[in-house]
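Trainee: I should be grateful for a close look at the salt bridges of this model. Please set them in their context as well.

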Amino acid sequence: MTELLTVDAIDTFYGRSQVLFGMSLSIKAGEVVTLMGRNGMGKTTTIRSIMGLTPAARGRIRFRDAEIRGLPSYRVAKVGVGLVPEGRQIFPNLSVKENLIATASNRNGSAQPWTYERVIELFPRLAERAGNMGSQLSGGEQQMLAVGRALMTNPHLLILDEATEGLAPLIRLEIWHCLERLKQAGQSILVVDKNVGALTKLADRHYVIEKGRVVWQGNSADLKAAPDVQHRYLGI
Amino acid sequence: MRPAFQTLALLSTALMAFPFAADDAAAQAAKKIKIGFVTTLSGPNAAYGRDMQNAFNLALDHLGKKMGGVPVEVIYEDDEQKPEVGKQKTEKLLQRDKVDFVAGYIWSNVLLASYKPVLDAQTFLIGTNAGPSQLAGEGCSPYFFAASWQNDQNHMAVGELLNQKGVKKLYMVAPNYAAGVDGTNGVKSLFKGQVIGQDMTKWPDQLDFSGEISKIRAAKPEAVYVFFPGRAGVQFFQQYSQAGLKKDIPVYSAFTIDAVTLKLQKDLVLDTYLTSTWATDLPYAANQKFVADYKKKYNETPAFYGAQSYDAANLIASAVTATKGNLKDKKAVGAALKAAKFDSVRGPFKFGNNNFPIQNVYQQEAYKVSDTEYDLRTVSTVLTAHTDPHAAKCKM
Amino acid sequence: MSSASNSSASTATSSRLTFVVGLALLGFLGLIPVLSVVFDDPFLLTLFTRIVIMAIAAVSLNLILGYGGMVSFGHAAYIGVGGYTVGILAFHGVHAAWIQWPLAVIISGVVAALIGLLSLRTKGIFFIMITLAFSQLVYYLGNGAFAYGGDDGLNIMTRSDFGGLLNLDNRPTFYYLCWVILLASIYFVHRTVNSRFGMVLQGARSNDRRMATIGFPVHRYQLTAFVIAGMLCGLAGVLTATFTGFISPAMMHWSRSGDLIVMVVLGGMGSLFGPVFGTVAFLLLEEVLSSWTEYWKIVFGPILILVVLFARGGIDGAMVRGQACTLLAGCAAFFLLYGIHTTYEDQWLIPTLILVAACALAWFAKWEIQRRKNRHD
Amino acid sequence: MLLIFEQFLNGLQIALLLFLLAAGLTLVFGIMDMVNLAHGSLYMMGAYFAAVFTEWTGSFFLGAALALPAGALLGIVTEIIALRTLYTRDHLDQVLATFGLILFFNELARLMFGAGGMTIETPNWLQGQIEILPGLPYPSYRFLIILVGLLCAAFLYVLVQRTRLGMLIRAGASNREMVGALGINIKQLFTLVFGLGSALAALAGLMAGPVTTVQIGMGDNILILALVVIVIGGIGSLPGAFIAALAIGIIDTMGRAFLPNMLGAFLSPSDASTLATALSSMLIYILMAAVLVLRPAGLFPAPGR
């Protein structure tokens, strides 16, 4: 398998305060990787740095053999990174259907591109609400919509930031199921979450970060076998 | 190093004030007659200020840039049509340039803000356009002369003209500011018929008179009186014509059609009635020379703003000549100004007791000179040797 | 609110230098009547009387705009209210200053309280617009007050009477009165912003919700500041009316409010002496540019844009960043142009305009290149 | 009754002109969070372009057809040169810098086109009247303004509600960052929207030209009105701007038309008309203040801000 995304020792600042200190991670094509850590440790900042929303000041970010650090976020999206942001950030004044098609594209010429119909098939719940405004959806429906919206850009890499936060257990399960199906279809995914139980089943590898740097990495078996890591860094 | 720079920066900021003072010491040395001229040279109404400036310069050309043998210097200041700017510029003329005469002022409010320092300094002020009632009645002054008119005169002439034309039912539209209110009252003071409707429009930001025009249509008057100086006059006639009322209800106006606006109004104001104290066709030698030379020099037709300014220059020259350049004797200068011994473009020129002109007001009409050129011509004399109504209140 | 918070960061580091320069400028202002005699130029005194009065208004606006983060786009209304109170009282034969002046300040405060009470419900651009709306109401009120001259305005024939205490007809006396009031208002603002009240006010600028959760009645504090600023500006209105002997609605036109904001921003928001720097620079620039060409706004407009784009924190900010060279270059260029102008009259207008435009363009290009470089390095 | 209807049409016509101007302003404001006071200057320049091109081509419609792209182009150039750097600044900076632009444009127009103002010649058939109802002739040009205004409103509705560009515009108004993160070049989108807004401003200017004549500073006062419209309507909301424009246009006209008669019951006619004008000048500001006091973000605030 080839490297899809390589983040190499990036430093990121908010104003004058540094948040990431030499953060590194990598994802291979077809892999599902998680990024875990307590609140405020720099998970979302890592995502924002990759996306170019909060540009990293130093270090390298390579995506499919091209340097993407310093690119504006729309160009990062265009080379094939699909974001499901923290807090979902659905467009509240667009209908469900509009949310999905407004930014849809198949820039990378996928043979079996995601279409409105395929997303609806993935989340049948959204079909019932196609005409509703984004603001009228429940949290779970918004989350599905956010995933669908990112898929509609046909990304090489799907990034989910706190995708199940604040959702009911049943809905959460539905989201994990969906990710499972995406994985089987060969979609590479980077997941930021705290739900260790679900993630060890789903993901291939894990990164645990604290204070803006990686403090542990390994596969699911390693993580299961390291309760001290779970306890120390994830508070479990 | 740095603080040194900063001190320097500060010092030079402070020093900026000094060149102001430096350059007029030299000017003072040469014996000159200095005239300060305040008018509007920027903003939407700059064309009027330009007309005044052109005419004043032309008058100086005709005078050989000398008055009574003494060279003349004119300092033009732009009031931006704002009262407080006009006042500051006036004070600059008085205090820094130490002018002998102040002239100009298009707008009543600018003049009213500015006249006090001039009169307090016992400097002669020659108004070349605005003639507010405040200065014509109790507030009259031996130092203020109006080379133009008193604001009410043209409006009163409209009232009289309406009587002459047998109009019984009149509708009035004017802007809601002091001059607009004075204007409508001026018409009413002589008009014998009935005013069946009156609208005051927002000033100066109302550009659309559709509401008023609809009301005129509904009221079916025999005539409409309007007073819209400057650009608003163009807009009113344009919209009045678009509404199709022009052929049905005749329009009477004052200060609404002049050489500047006529360039835009064109056909819209043919066959309307207006009153004015001056036109290019007044049969006086001075007038014909003024008009011909103005056209030659500036390739434009002068407006009444310019005509009055031309008169003002000659009025000042007459006083300087009469006193042989001895401007220290204020009494003599005042008397010489009052005598007004100059060839006015309005023919024989005479001041009333309040130093406002006693003059004829004419009915005029717009006509086509050629395909592209329009002008105003005199139709009849409406008021003869008219003294404004405020003169009686002036105790001079 | 980014520039507001920037300048607050700078006040901390700048205070000493700005303090020195500011005091020097105030001292220089105190010398104006003397200079006016030395150079036999009475207009210098007239010009600077207006500058000092406007500086008081700018200082009052700075309290709410610079320290409080409240962008009032209707501050000139209080100049009008203060001025009209004096004018109307004088019109009715009340000339005693100890009736006129306090009443004018109180009425300005009441008007500010009413406007503030309603306006402070809104934020951001809505606050800008609602303060504009209220000032327009006051403006049209003056326009429609035909008893007091309406659009023509009203002359004040007799200046306010302080009994035998002060003779306001004496120009230097009046100037020094204004100057002392300016000093007092700067000191007052200094004390206010460094009090607990001022700390809360400044805290609310960057995060009013946090201040509210801490337990401060933020809204009441902001309203108080709004009223104080209105009263101080009303006093500036009193001085304006007394100085010009004339009131008219034009003094509270919305563009006047805009000018006041420009003065504060030009000098440096949330800086103690910033409004004074700004007012002096603005009015001198206006005076010189407009004596130079009637098209002066074609130069002044771009200057304004350049100041906003590059000189963040205004003149005070430039001093803080040690851009004295820039300031100095600006002054030198100003000098040079003024010299050229007085020597050659208007025929040099076009080439100098082009020169200025070229300099501006070059500066812009340099800055743009620098910025691009910084982004991609 | 007929008079009321006629005054309603007058109000409608003013409202639609205001809407054309406010639409561009609110789109720009909505997406980029950018207060552009120079929008009024684009209105003025549009009118001047139309006047010059009409004179040049001899046809009002050709002149208008040329003035629209010229206005859009001028807007885009202004955006690229002067406004781009302002996006990240606060509203105060934007207000000041674009205020500087107003000064610049006014003087530029004076240098380019002279101080005297211009008129836009319309074809003869537009100078007449149409009998809309029996006994109610209405100026055909004003009728054209109403028609164009309504068509534009419809066009904008379709554009914003039914096209992908419109979805992006709405999405951008609620969450600019997210639109970028999903692969849309928001700068380009904004330049496009800015061009569209400029074209709308130019359209408003050239439609107003034959009624109000073309002059320096013609955009300054109407810009304040347009700002009032978008603030009442809720920033970024086109339907809000439409409704607010209608409210202001009609209230303003009706106020001027009927207040004097109402006040005439208590006062002398001339006092009534002066007082009525003073009142109706204030009316819209009272309306705005009232709306903001009750709904501090306008009537239809765009969600997400």
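Mentor: The conventions come first, then the salt bridges, and finally their surroundings.

This is a predicted model, in which local features need pLDDT of at least 70 and side-chain atom pairs count only at pLDDT 80 or more, whereas totals for chains, interfaces and linings use all residues. Residues are numbered from 1 along each chain as its sequence is written, chains are lettered from A and ligands numbered from 1 in the order in which they are written, and side-chain values use heavy atoms, with hydrogens and water left out.

Side chains of opposite charge can pair when their charged atoms come close. The rule applied here requires a side-chain nitrogen of Lys or Arg within 4 Å of a carboxyl oxygen of Asp or Glu. By this rule there are 39 salt bridges over all chains.

One of them is formed by Arg170(D) and Glu98(A), whose closest N and O atoms are 2.9 Å apart. Arg170(D) belongs to helix α6 (residues 164-174) of chain D and Glu98(A) to helix α3 (residues 96-102) of chain A, so the pair joins two chains. Helices (H or I, at least four residues) and strands (E, at least two) are DSSP runs, numbered from the N terminus. Arg170(D) counts as buried, at 9% relative accessibility, and Glu98(A) also counts as buried, at 11%. Here buried means under 20% relative accessible area, exposed means over 50%, and partly exposed lies in between (1.4 Å probe, protein chains only).

Within chain B, a salt bridge connects the side chains of Glu73(B) and Lys32(B) (3.3 Å, N to O). This pair links distant parts of the chain, 41 residues apart: Glu73(B) is in strand β3 (residues 70-78) of chain B, and Lys32(B) is in the loop between α2 (18-29) and β1 (33-39) of chain B. Glu73(B) counts as partly exposed, at 23% relative accessibility, and Lys32(B) likewise counts as partly exposed, at 34%.

Asp311(B) and Arg346(B) also meet through their side chains in a salt bridge (3.1 Å, N to O). Asp311(B) lies in helix α13 (residues 304-322) of chain B, while Arg346(B) lies in the loop between α14 (330-339) and β12 (350-351) of chain B, so the pair ties together parts that are 35 residues apart in sequence. Both Asp311(B) and Arg346(B) are buried. A network also arises from salt bridges that share partners, and its members are Lys202(B), Glu212(B), Asp252(D) and Arg256(D).

As for the chains themselves, four pairs touch, and the most contacts among them are between chains B and C, a contact being heavy atoms within 4.5 Å. Chains A and B do not touch, their nearest C-alpha atoms being 26 Å apart. Chains A and C do not touch either, with 7 Å between their nearest C-alpha atoms.

Chain A contains an open sheet of six strands in the order β6-β7-β8-β3-β9-β10, with mixed pairing; two strands pair if DSSP finds at least two bridges between them. β6 (81-84) and β10 (213-219) of chain A are at the edges, each with a single partner strand, so one side of each has no neighbour in the sheet. In chain A, β6(A) and β7 (residues 157-161) run parallel and are joined by four bridges; Leu83(A) has Ile159(A) in β7(A) as its bridge partner.
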